[in-house]
Amino acid sequence: MGFNPDLTGRKNAYHSAGLMGYSRDGIARAMPQIEAFAEIGEYFDEPVRTYSSGMQMRVAFSVATAFRPDLLIVDEALSVGDTYFVHKCFDRIREFRNAGTAFIIVSHDPGAIQALCDRAIVIESGKMILDAEPKQAMDFYNALIAEKEHGGIRQSRRDNGSVVTESGTAEATIRHVQLLNSKNQPTEYVVVGDSLSL
């Protein structure tokens, strides 16, 4: 957002929203919502130079989403800050998407990509090398990393039609993996403290 470190969060919010084209009256009406969403308390009226990177992200995201945009672009911003606030941001993004906002996220975070996106593009050296559904794109991205560590990449199609990307040297392969609960039954969901077998 290009905040001025010597201005308070509130003044930066006014300036940033003004640069985004919103009127002073509109910003004033949105200010209580911006302040409440950021949840930084009295620091909202302190200079931004006293903020942690997570606090800056809270204010920046609050300002950027105070008014529903037609297009929201987020570049790695959600990689800072606590898990609670990141989930709060995800909820707002989903709310905007449901209302018709287009969303572009630039990230290396597989959780964010798979939770928020309908489509993912893998870019390497400035060139698009894959345009696919998020899980397939993340599998391919992880395989690219493995390939750089002297492995190979292989893609195959499962019986259900999904594409699987495998990576590595193939010196060893895993044929089957299963997570079993304490009754030796296959399980996907566990509670902290449960006994499991892999």
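**Exercise 1. Work out what share of the contacts in the protein chain between residues at least 6 apart in sequence join residues at least 24 apart.**

Solution. Keep in mind that this is a predicted model.
- Start by counting a contact wherever heavy atoms come within 4.5 Å.
- Keep the pairs at least 6 apart in sequence, then look for those at least 24 apart: they make up 44%.

**Exercise 2. Lay out the secondary structure of the protein chain and decide how its spread compares with a compact globule.**

Solution.
- Tally the elements: the protein chain has six helices and six strands.
- Put them in sequence order and you get α-α-α-β-α-β-α-β-β-α-β-β.
- Now the spread: the radius of gyration is 22 Å, while the globule rule gives 16 Å for 198 residues, so the protein chain is more spread out than a compact globule.
- For the extents, the C-alpha trace spans about 60 × 45 × 35 Å along its principal axes.

**Exercise 3. Find how much of the protein chain is buried and what its accessible surface is made of.**

Solution.
- Of the 198 residues, 35% are buried.
- The accessible surface comes to about 12800 Å², and carbon and sulfur atoms account for 50% of that.

**Exercise 4. Settle how many disulfides there are, and whether cysteine 89 is buried or exposed.**

Solution.
- A disulfide needs two cysteine sulfur atoms within 2.5 Å.
- By that rule, the count is zero.
- Cysteine 89 is in no disulfide, as its nearest cysteine sulfur, that of cysteine 117, sits 14 Å away.
- For burial, the cut-off is under 20% relative accessible area.
- Cysteine 89 has 0% relative accessibility, so it counts as buried.
- Cysteine 117, at 16%, counts as buried too.

Technical notes
Residues numbered from 1 in each chain as written. Predicted model: local features only at pLDDT ≥ 70, side-chain atom pairs only at ≥ 80, totals over all residues. Heavy atoms only, no water. Helix = DSSP H or I, 4+ residues; strand = E, 2+ residues; numbered from the N terminus. Rg over C-alpha atoms; globule rule 2.2 N^0.38 Å. Buried < 20%, exposed > 50% of the residue type's maximum accessible area, 1.4 Å probe, protein only. Areas by Shrake-Rupley, 256 points an atom, 1.4 Å probe, with all protein chains shown as cover.
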